Amino acid sequence: MKRYLTLGYGAAAYLLFLAAFLYLIGFVGDFLVPRSVDRGLAAPIAEAVPVNAALVALFGVQHSVMARPAFKRWWARFVPASIERSTYVVFSSVVLAVLYWQWRTMPTVIWDVRMPAARAVLWALFWLGWAIALLATFLINHFDLFGLRQVYLASRQQPYTSVEFRVRLLYRVVRHPLMLGMAIAFWAAPVMTAGHLLFSIGMTIYILVATQLEERDLVASLGHQYLDYRREVSMLVPIPHRRTAGMARHG
């Protein structure tokens, strides 16, 4: 029974993530969802700015703190290892849901691109960003990243093993394609309101901080293997001349 409950919990956590992720696309793009980055709760600007900034900060802090090895070691005293990642996914999804629920509208238009060709390019970049982010999760191990592999192994009474470090496709171009894809999606807006701008700036700050923290953890766990990779591939902005023949040994 415990094995089935573990598997069910992991599946439910993944479905919750999937709903939160799909809502995020509509939230940022301002379509198909009841509340978006441009259609939130009505509030004066003196309230909207600090509330929205706090919501983005809450997401950033939760996402970064719970991902750190030190927190995971402490957290393991309360949460079984088999559902640790799924629980992280649940918390992340709930924090995003709170952000969607409490977001305040800041309707001032910063830019409005009206040329049809330019708008089409920005919408293409918007969808390309999400595609890059999603593909990046599969290049790592999508099901491990979102907890399904952990609960599956536990249900089969098999020990968990870390995913092997490999560099494939997008990871040969930048070290954090998932974050790059999200950044592209956040900024590729034909109409940029003050609320969308605040969201994009806040999420970009989170991306820059989170990548630095993750890099530190990866160096600690992988050592020279990751240091070599870091010398050869840029973090977020593709720089072709940094890719060397030495990348072949990581393939």
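This is a chat about a predicted model of one protein chain.

Colleague: Okay, how many helices and strands does the protein chain have?
Modeller: There are 10 helices and two strands. This is a predicted model, so to speak of it is to speak of a prediction.

Colleague: And in what order do the elements run from the N terminus?
Modeller: Starting at the N terminus, the order is α-α-α-α-β-α-α-α-α-β-α-α.

Colleague: How does the radius of gyration sit against the globule rule?
Modeller: The radius of gyration is 19 Å, close to the 18 Å the globule rule gives for 251 residues, so the chain is as compact as a globular protein of that length. The C-alpha trace spans about 55 × 50 × 30 Å along its principal axes.

Colleague: What share of the residues counts as buried?
Modeller: That would be 45% of the 251 residues.

Colleague: Right, on to the inside. Which residues have the most contacts in the largest nonpolar core?
Modeller: Trp 103, Trp 130 and Phe 199, in a core of 41 residues. Nonpolar side chains tend to be buried together in soluble globular proteins.

Colleague: Which helices supply at least two residues each of this core?
Modeller: H1, H2, H4 (84-102), H5 (116-140), H8 (177-187) and H9 (194-222). H1 gives the largest share, with eight residues.

Colleague: What does Trp 130 contact, leaving aside neighbours within four places in sequence?
Modeller: Phe 21, Leu 24, Ile 25, Val 28, Gly 181, Met 182, Ala 185 and Phe 186.

Colleague: And what other core lies apart from the largest one?
Modeller: One of eight residues, including Ala 136, Leu 139, Phe 165 and Val 167.

Colleague: Switching to backbone. What's the phi of Asp 30?
Modeller: Near 60°, which is positive, and Asp 30 isn't a glycine. Most residues other than glycine have a negative phi.

Colleague: Where does Asp 30 lie?
Modeller: In the loop between H1 (2-29) and H2 (45-65). Leu 32 lies in the loop between H1 and H2 too, and has a positive phi of about 70°.

Colleague: Is Leu 32 buried or exposed?
Modeller: Leu 32 is exposed, because its relative accessible area is 83% and the cut-off is over 50%. Asp 30 is partly exposed at 26%.

Colleague: Last one, charges. How many positive and negative side chains are there?
Modeller: There are 24 positive and 12 negative, and the centres of the two sets lie 5 Å apart. As for surface, the chain exposes about 13,200 Å², with 71% of that from carbon and sulfur atoms.

Definitions and conventions. Residues numbered from 1 in each chain as written. Predicted model: local features only at pLDDT ≥ 70, side-chain atom pairs only at ≥ 80, totals over all residues. Heavy atoms only, no water. Helix = DSSP H or I, 4+ residues; strand = E, 2+ residues; numbered from the N terminus. Buried < 20%, exposed > 50% of the residue type's maximum accessible area, 1.4 Å probe, protein only. Core = buried A, V, L, I, M, F, W, Y, C linked by side-chain atoms within 4.5 Å. Contact = heavy atoms within 4.5 Å. Rg over C-alpha atoms; globule rule 2.2 N^0.38 Å. Areas by Shrake-Rupley, 256 points an atom, 1.4 Å probe, with all protein chains shown as cover. Lys, Arg positive; Asp, Glu negative; His and termini not counted. Charge placed at Lys NZ, Arg CZ, Asp CG, Glu CD.
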